[in-house]
Amino acid sequence: MSTNNKPWINAYPSDVPEFINTQQYKNINEMFAKTFDKFADKTAFINMGHSLTYRELNEKSSAFAAYLQGELNAKKGDRIALMMPNLLQYPITILGALKAGLVVVNVNPLYTPRELEHQLRDSGATIIVAVTNFGDSLQQVISRTSLKHVILTSIGDALAPHKRTLVNFVVKYVKKMVPSFHLPGAISLRRALTEGKKLDFNPPVISHDDLAYLQYTGGTTGLAKGAMLTHKNIIANVLQVFGHFGPRTAKENEYAVTPLPLYHIFANSVSMMLMMYMGGTNLLITNPRDLKTFVNDLSKYPFTMIFGLNTLFAALNNNAKFRDLDFSHAEFTIAGGMATQKHIADEWQRITSMPIIEGYGLTECSPVVAGGVHTQQEYVPAVGVPLPSTELRIVDENGLPLGINEVGEIQIRGEQVMKGYWKQQAETDAVLSADGWLNSGDIGRMDADGIFYIEDRKKDMILVSGFNVFPTEVEEVATLHPKILEAAAVGVADDIAGERVKLVVVTRGPVTVDDIKKHCRQHLTGYKIPKVIEFRDELPKTNVGKILRRELRD
């Protein structure tokens, strides 16, 4: 839609700004300078029972920046890879790297050696900070990368001395989670911070257009590509999300929970950066799949907000101890990463009294571009309206704008849209037009109130005898069955229909193929009913819990 015709603006509450001003900060570091000053003695992050104040975060990140400059001779624009789960070490090192003007390459620590090698080689990273649990993977590929410096940290390194010793001993020798590896010349992060405190830090000149992150996509269509996200992109998205959701938050009195990994752009920009911008407190969950420890952490914390996604909500809904928690402080939940199923959202709100407000975005957009409005009192199965200073439109296969409730590809334009793909001009040109519109690859529509809905991923759509079948619709129906815990729908080849629907399910009790097909017939038209049903113990998922339909198709 054009900037002169915004019917969606009527969906905004009156206290949400139409535009944000990115010019008020030169770079990400300047954006947080006021936070460090105003909230110096307030707790910024909590992890494994240990807290870190904003003053400590500022001091430690500056020490790391000084070490990068003084000892490693790192220069502005050099790439540094960060490879660890949610630990206090993450905000320390990422802010230190940004202060030094380096480009952060966020790495999933669960990557296979092949995936890790591609990302390190493609980015040209010369420095890596990695948790020791994954030193073995790094050892296997380091000789084929540009890495010059390896900085290692153990899981408990940021904790108090007595707890640090205990946690690191248990992780390495009791749980045996640290395979043997040999990385000669590697130094410890603890030593780097100690040495950095003795050095002078000279802040480089960093502008809006300088790169902040190389954020790699999931690589669902091939090798992962690095989205070039600038300081302006990240500043824009923090201000946009704050403008959109801010009126509902408790600002500096916000107690957030971050179970999604900080190396993922949603948790990074929204969970971490937004909470820091507001001066809130953030509980970092290192392993959300360990529900016992996760729920125990929640029981000691007066959380007001939680970030998550559908699979996590489903798991917590089914946890008896979670259902018994005190939710008296809880206000609302922000969901991202994948579509939230309505029955799961409704059950979540029944248990917690928190409505789930869904956001929509892409790695290429830093990532959020739309969301449900902050005045929502219950879950709405839509991705909402565009954030401030963001335009969305629906186009046909020729790129021509479509009308109300017409289904097509979603295009996005705004200051959060990436600079392009790292060293991939052809790939950049394929998705990013000269006038700034980004092709999302998502199929959606806009209703008469300006609210956007996602029908499905363009590449996931199933074509049955010329009819479009959106997997999310089939999955939503399937999981309404009381014996189905999770489901994924994919297209499989068919000589007559071209494709037919295959449903892969994880059950919570005995159920037959005929039972499932009978259930689907009650809710779906004929060509949408799964013709093939497969039972599995679990579905393949990404690091943040999104179901990997590609693996099921393969």
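This passage describes the overall fold, one buried histidine and the internal spaces of a predicted model.

The protein comprises 17 helices and 26 strands. Its radius of gyration is 23 Å, close to the 24 Å given by the globule rule for 554 residues, so the protein is as compact as a globular protein of that length. Along the principal axes, the C-alpha atoms occupy a box of roughly 70 × 55 × 50 Å. Of the 554 residues, 58% count as buried. The exposed area of the protein is about 22,900 Å², of which carbon and sulfur atoms supply 49%. Among contacts with a separation of 6 or more, 69% are made by residues 24 or more positions apart.

His231 provides an example of a buried position. This residue lies in helix 8 and has a relative accessible area of 1%; because the limit for a buried residue is under 20%, His231 is classed as buried. When residues up to four places away in sequence are not counted, His231 touches Asn27, Ile28 and Leu98, and further contacts are made with Ile206, Ser207, His208, Asp210, Leu211 and Ala212.

Empty space within the model was examined next. Rolling a probe the size of a water molecule over the atoms shows where empty space is left. The count of cavities of 30 Å³ or more comes to 1, and the largest cavity holds about 30 Å³ of space. Its lining consists of Val241, Phe245, Phe266, Val270, Ile334, Gly359 and Val368. Two elements each give two or more residues to this lining, namely helix 8 (231-245) and helix 9 (265-278). Helix 8 is also the element in which His231 is found. By class, the cavity lining has 6 nonpolar residues and 1 polar residue, with no charged residues.

The second largest pocket contains about 1,500 Å³ of space. It is lined by 50 residues, and those closest to its centre are Thr286, Asn287, Pro288, Arg289 and Asp290. Helix 6 (161-174), helix 10 (291-299), helix 11 (310-317) and strand 24 (484-494) are the elements that each give two or more residues to the lining of this pocket. The pocket lining divides into 28 nonpolar, 13 polar and 9 charged residues. Charged residues are thus present in the lining of the second largest pocket, whereas the lining of the largest cavity has none.

Definitions and conventions: Residues numbered from 1 in each chain as written. Predicted model: local features only at pLDDT ≥ 70, side-chain atom pairs only at ≥ 80, totals over all residues. Heavy atoms only, no water. 1 Å grid on protein atoms, 1.4 Å probe; cavity = no way out; pocket = protein on both sides within 12 Å on 5 of 7 lines; lining within 4 Å. Points joined across faces, edges and corners; volume = space filled by probe spheres on them. Helix = DSSP H or I, 4+ residues; strand = E, 2+ residues; numbered from the N terminus. Nonpolar A, V, L, I, M, F, W, Y, C, P; charged D, E, K, R; others polar. Rg over C-alpha atoms; globule rule 2.2 N^0.38 Å. Buried < 20%, exposed > 50% of the residue type's maximum accessible area, 1.4 Å probe, protein only. Contact = heavy atoms within 4.5 Å. Areas by Shrake-Rupley, 256 points an atom, 1.4 Å probe, with all protein chains shown as cover.
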